[in-house]
Amino acid sequence: MEKSVNHDIVKEINEIRNQFSYSKRIGFLFGAGTSKAVGISDIATLTSKIDEAIKDTKTEFNKLKLNDDKTPRNIENILNKVRLIRQITDDKNSENFHGITGEKSKKLDLEICNIIYEIISKEELTADLNPVKKFLTWLNWLSRDFAKEIFTTNYDLLIEKGFESLQIPYYDGFVGAHEPFFVPESLEKESKYDTPPNAWIRLWKIHGSLGWFWKKNAANTSYRIVRLGIQAKKLNPENELVIFPSKDKYESSRKQPFIAYFDKLKSFLQDGEGLFVISGYSFSDEHINAVIFNSLNQNNRLHIVSFFFLDADIEKLYKSGNIFLNLTAIGPKKAIIKGFLGDWQKVKSDSLVDIFWNNTSKSTNLGDFNELVKFFVLTSGRSEKIEVEIKNKDEK
């Protein structure tokens, strides 16, 4: 019979606060839940909206909506399937797979990505950017000898908008002014390229971006990825959005940002002592999970703290067997601490923890990105200064 345990939330939250004060290296992984918290559709909602909006390739889309066991696929899984068909058929009308020709699969791919662009671009106009600005201001003020790194699976441009609104310099591996291009060598440790100073925050978008597009060369024989402005798609509708790029379809996988970003994630997690904070990510991407779990196993100087919006996702993680002493999982009513799944208990009052604790439901709301940002700001002791900083930048 499995041991039943309770976890002291006051003790654990204060331990996390202490780690922020002494950890030399700090990084973050943001999933769809963080963008959802400020007004952007999550994967399930996005899938539903695409299903409603798709027209020209509706027949092909319907063929891929369900798995073999009739369970629904989300849009990322559908895109993966579409990319496989494109690869197998080489986009040719004379070849088909699952009853979908190569030409149709290419049209389906383009229509899905165009709809994603339209949906998220529209949602960004009404999204609440304030929590993002507070987080970035707080992070920028953290004094560290190493560069601070943000990894995200989100396609939206909220983080970039936050950086630029606050005039905080950041680096994502792209260089240039007209059509910024990706320089993978600049992400490597032993690089002949000069890299930006450590004060510049790093941003790695490991699932693609609304600002990335495939661009053909002058001879129309190969592609490269360029980062363009938000109006690029409207001005050039033929541009193909880079979301979940297929590593085999284009000229060189080494030039693909997402390959370099995965290497960067692995490097961060396995390179000595560090604190890695996860929010809005439900551990549903096996490629990312493999990097995280292997790193937890290999690097005992790494500590990962993951904040969950739902207890069900914590229970799913626990049942998967991927439990490590250096992984802390924080849910509303449950937590995994030092390998044990248990319920929260709060035996004493604490001025900080009380803000994020519901005594009636015996739960914490730190799984909500908005509340997590509030926690970061409060622990810094600079709440008023951060508010003033954002206001001053908004008025410029």
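This is a short walk through one predicted model, from its sheet to its cores, a helix pair and two loop residues.

Some ground rules. Residues are numbered from 1 along each chain as its sequence is written, and side-chain values use heavy atoms, without hydrogens or water. Because the model is predicted, local features need pLDDT of at least 70 and side-chain atom pairs count only at pLDDT 80 or more, while totals for chains, interfaces and linings use all residues.

Let's start with the sheet. It is open and has 10 strands, with mixed pairing. Helices (H or I, at least four residues) and strands (E, at least two) are DSSP runs, numbered from the N terminus. Two strands pair if DSSP finds at least two bridges between them. The order is β1-β17-β16-β15-β14-β13-β2-β5-β9-β6. Which strands sit at the edges? They are β1 (5-8) and β6 (170-171), and each pairs on one side only.

Look at β5, residues 149-152, and β9, residues 201-205. They run parallel and are joined by 4 bridges. Opposite E149 stands R202 in β9.

Helix α10, residues 257-270, packs on this sheet. The strands in contact (heavy atoms within 4.5 Å) are β2, β5, β9, β13 and β14. The direction of α10 makes about 130° with that of β5. Here, axes are lines fitted to C-alpha atoms, for helices over the stretch in contact, and angles run from 0 to 180 degrees between N-to-C directions. Helix α12, residues 311-319, packs on the sheet too. This helix touches β15, β16 and β17, and its direction makes about 35° with that of β16.

Stay with those three strands. β15 and β16 are antiparallel, with 2 bridges, and a hairpin through 3 residues joins them. A335 in β16 stands opposite I330. In β17, the bridge partner of A335 is G342. The antiparallel pairing of β16 with β17 has 4 bridges. That hairpin has 2 residues between its strands.

One of the turn residues is K338. Its phi is positive, near 50°, and it is not a glycine. Is K338 buried or exposed? K338 is exposed, because its relative accessible area is 57%; buried means under 20%, exposed over 50%, partly exposed in between, with a 1.4 Å probe and protein chains only.

K70 also has a positive phi, about 75°, without being a glycine. It lies in the loop between α4 (58-64) and α5 (75-89). K70 counts as exposed because its relative accessibility is 63%.

Now the inside. A nonpolar core is a set of buried Ala, Val, Leu, Ile, Met, Phe, Trp, Tyr and Cys residues joined through side-chain atoms within 4.5 Å. The largest one has 76 residues. Among those touching the most other members are F20, I112, F135 and F375. Helix α6, residues 102-126, gives the most to this core: 8 residues. What does F375 touch, leaving out residues up to four places away in sequence? I13, I16, R17, F20, L352, F356 and L366. Another core, of 40 residues, lies apart, with L187, W212, L269 and L341 among them.

Last, a helix pair. The axes of α7 (130-141) and α8 (158-166) come within 9 Å and cross at roughly 65°. From α7, the contact uses V132, K133, L136 and T137. From α8, it uses L158, I159, G162, F163, S165 and L166.
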